[in-house]
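Could you walk me through this structure in my viewer, stop by stop? I would like to know what to select next and what is there.

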Amino acid sequence: MTAVVVVGAQWGDEGKGKIVDIFTEHADMVVRYGGGPNAGHTLVVDDQKLVVRLLPSGILRPHTTCVLAQGMAIDPGSLLTELDQLAKRGLLRNAASLLVSDRAQVIMPYHVRVDELREQRPGALGTTKRGVGPCYEDKAGRRGMPLGALRDLPRARMLADRALASWAPTFRALGAEPPTLPEVMDQVELFAPRIVPLLADTSSPVERAVRDGKRVLFEGAQGTLLDIDHGTYPFVTSSHATAGGACTGTGVGPSRIDFVVGLAKAYCTRVGAGPLPTELFGQIGERLRARGDEFGSVTGRPRRTGWLDLPALRYAARINGLDGIALTKLDVLTGIETLQVCVAYRTPHGTTDDFPIDGLESAEPVYEPMAGWTEDLSSARTLESLPRAARQYVDRVERDVGRPIVLVSVGSRREDTIVLRDPFAG
């Protein structure tokens, strides 16, 4: 296999950072194709906890070229902060191999401010307030600023002036004055000299790497159920979080993709507003949150937790064309005597095995109980070494979703992993 896509199969936060880090051991290039600093990936390397928001997890691999592609929304200040923090900790091993698309959109200061103001209003969506949504609004409105504009500051000034004029009524409607053009340009002129040397037309080197048989991993952000087209709209992100986004966000044709891995937790979580049908509100939900360290890596907000939703996973398998599933955080379920798994939904039209994505408000999960386990899983390196109940849980996911399990994570460290198939090995 040459081109592999790793995509979240739930509401994001499935553990993509760790899994991408594992798969990039054998990758020549890792490409982040969508989203922005609203998508944090947590890594644990040599017992050090690292959070990257824009950089691909492969930045820690000295042999891997890392790409931030044109489907992304990039806050230059956030990107430079990440690079500086990794360098300070001695972990920036391949900065010279970082390519940033000159067609990716710049998250400007006014995008962040509008996002913050909107989140203070009743009925807010629960965004990370990083300016990602307003940035994509400007992109769709054809008034955005591509990173390449930073090479020509007079052009950047013109684009910022046009965008500010468009946003001014929104600011005033939200009870605030927009920033001035000089204030905005002061920040642009501060980060432009460090950003411009990183810029490139990334679609050509990415497609060439795939064509030449290099091992290329496409790294998604958020999860399928947050996709702007296929998620639980309107409680979604502003970009394409499904596997198809790897093509639109990088300029690589769909026929080039060889394998799609869907990441799923052994339970469900969600940050912010929106439906989570299997949500737990009592002691078990708190237990999952504490044991799973379920707090947003970008915002620190506690994540909502719930039982595993098999209809939702089948939906994700269909939408993404999944070839395999990486099941993460199985160890977090240890110690729960009886587990519940959502297997279907009762709706006003009858019981269905499908995920009723446009009728979740009136749908009721149908659960089946499964035996839990008490044994520690962290030393398991094969499925056979798992406790019987844990093995049955993994087998149930594989059988009911209809996709093979390619990896099981049993802890936060790289080595706490059962790798059943290397997607690059065919």
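Start by selecting β2 (29–32) and β10 (216–219): β2 and β10 pair in the parallel sense, over four bridges. Here, two strands count as paired if DSSP finds at least two bridges between them. Strands and helices are themselves DSSP runs (E of at least two residues for strands, H or I of at least four for helices), numbered from the N terminus. Zoom in on M29, and you will find V216 of β10 opposite.

A word on what you are viewing: this is a predicted model, in which local features need pLDDT of at least 70 and side-chain atom pairs count only at pLDDT 80 or more, while totals for chains, interfaces and linings use all residues. Residues are numbered from 1 along each chain as its sequence is written, and side-chain values use heavy atoms, with hydrogens and water left out.

**Stay on β10**

Show the side chains of β10. V216 and F218 point one way, L217 and E219 point the other way, and all are buried. Buried means under 20% relative accessible area, exposed means over 50%, and partly exposed lies in between (1.4 Å probe, protein chains only). Now add strand β1 (residues 3–8). β1 and β10 pair in the parallel sense over four bridges, and the bridge partner of V6 in β10 is E219.

**Cross to β11**

Next, select strand β11 (residues 259–265). How many of its residues are buried? Seven of the seven are, so β11 is largely enclosed by the rest of the structure. Both faces are covered: F259, V261, L263 and K265 lie on one side, and V260, G262 and A264 on the other.

β11 pairs with β1 in the parallel sense over five bridges, and V5 stands opposite V260 there. Strand β15 (residues 324–328) also pairs with β11 in the parallel sense over five bridges. To find a spot on that pairing, pick G262, whose bridge partner in β15 is I325.

**Step back to the whole sheet**

Now display the strands together. Ten strands form an open sheet with mixed pairing, in the order β9-β7-β5-β2-β10-β1-β11-β15-β19-β20. Which strands stand at the edges? They are β9 (199–200) and β20 (417–419); each has a single partner strand, so one side of each is left without a neighbour in the sheet. As background, strands of a sheet pair through backbone hydrogen bonds, either parallel or antiparallel.

Go to the β9 edge and add strand β7 (residues 98–101). β7 and β9 pair in the parallel sense over two bridges, with S101 opposite A200. Then bring in helix α1 (residues 16–23), which packs on the sheet and touches β1, β2, β10, β11, β15, β19 (405–409) and β20. Contact means heavy atoms within 4.5 Å. The direction of α1 makes about 165° with that of β1.

**Find G148**

From S101, look for G148: the two are 47 residues apart in sequence and 8.0 Å apart in space, C-alpha to C-alpha. G148 is found in the loop between α4 and α5 (153–173). Is G148 buried or exposed? At 13% relative accessibility, G148 counts as buried. Leaving aside residues up to four places away in sequence, G148 touches D102, R155 and L199.

**Two helices that cross**

Select helix α3 (residues 109–119) and helix α4 (residues 132–140), which pack at an angle of about 120° with their axes 7 Å apart. Axes are lines fitted to C-alpha atoms, for helices over the stretch in contact, and angles run from 0 to 180 degrees between N-to-C directions. The two helices are therefore oblique to each other. Angles under 35 degrees count as roughly parallel, over 145 as roughly antiparallel, 65 to 115 as roughly perpendicular and the rest as oblique. Show Y110, H111, V114, D115 and R118 of α3 with V132, P134, C135, E137 and D138 of α4 to see the residues that make the contact.

**Backbone details to finish**

Select D13 in the loop between β1 and α1. Phi of D13 is near 65°, a positive value in a residue other than glycine, and D13 is partly exposed, with a relative accessible area of 24%. K329, in the loop between β15 and β16 (338–347), has a phi near 55°, again positive in a residue other than glycine. For your last stop, choose P234 in the loop between β10 and α8 (245–248): the peptide bond from Y233 to P234 is cis, with omega near 10°.
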